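Me: Got a minute to go through a structure with me? I'd like to talk about strands and charged pairs.

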Amino acid sequence: MNTDPIADYLTRLRNAIKANHRVVEIPASNIKKEITKVLYHKGYIQSYRFDDSAVQGTIKIALKYNPATKQPAITKLERVSTPGLRKYAHVENLPRVLSGLGIAILSTSKGVMTEKEAKTENVGGEVLCYVY
């Protein structure tokens, strides 16, 4: 049993990137599916597929690399809010990652979204992670 499934998700992605894997398979949950969709729409991963044939299901993520330099699209994944210390941000003080070059993924009352989308929706929420 895992106490922090989001940290496990980020660690699996981080390890696959460091090992230069093309595809990583992660146990699925609803929050992980939403984070995967955000990463895809922001261009950090190449593609994804949800496989719900088993009880829990899996997420298959195709990682994105620069074709010329073989550098990964994701340079850093950082967990912010942990089960032991939750971090929340109000709409007025949403975090900016690398002066706007990265994204912060938030869990809000309107779903999982980036800090820019949360600002346009005028909602705050729990800061899950930073991606850049």
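Reply: Sure, here we go through strand pairing and then salt bridges.

Reply: Up front, this is a predicted model, where local features need pLDDT of at least 70, side-chain atom pairs count only at pLDDT 80 or more, and totals for chains, interfaces and linings use all residues. Residues are numbered from 1 along each chain as its sequence is written, and side-chain values use heavy atoms, with hydrogens and water left out.

Me: OK, is strand β6 mostly covered or uncovered?
Reply: Mostly covered: 5 of the 6 residues in β6 (103-108) are buried. Buried means under 20% relative accessible area, exposed is over 50%, and partly exposed is in between, using a 1.4 Å probe and protein chains only. Strands here are DSSP runs of E with at least two residues, helices are runs of H or I with at least four, and both are numbered from the N terminus.

Me: Which way do β6 and β8 pair?
Reply: They are antiparallel, over 6 bridges, with β8 covering residues 125-131. Two strands pair if DSSP finds at least two bridges between them.

Me: And what joins β6 to β7?
Reply: There are 4 bridges, again antiparallel, and β7 is residues 111-114. The two strands form a hairpin with 2 residues between them.

Me: What are the bridge partners of S107?
Reply: In β8 the partner of S107 is E126, and in β7 the partner is V112.

Me: Switching topic: how many salt bridges are there?
Reply: The count is 7, taking a salt bridge as a side-chain nitrogen of Lys or Arg within 4 Å of a carboxyl oxygen of Asp or Glu.

Me: Does E126 come up again there? Which residue is its salt-bridge partner?
Reply: E126 pairs with R86, with the closest N and O atoms 3.0 Å apart. E126 lies in strand β8 and R86 in the loop between β4 (77-79) and β5 (88-89), so the pair ties together parts that are 40 residues apart in sequence. E126 is buried at 13% relative accessibility, while R86 is partly exposed at 41%.

Me: What about K33, which residue does it bridge to?
Reply: That's D52, with N and O 3.4 Å apart at the closest. D52 sits in the loop between β2 (45-51) and β3 (58-63), and K33 is in helix α2 (residues 30-41), 19 residues away. K33 counts as buried, at 16% relative accessibility.

Me: And where do K37 and E34 sit?
Reply: Both are in helix α2, 3 residues apart, which means about one helical turn separates them. Their side chains meet in a salt bridge at 3.5 Å, N to O. K37 is partly exposed at 29%, and E34 is partly exposed at 31%.
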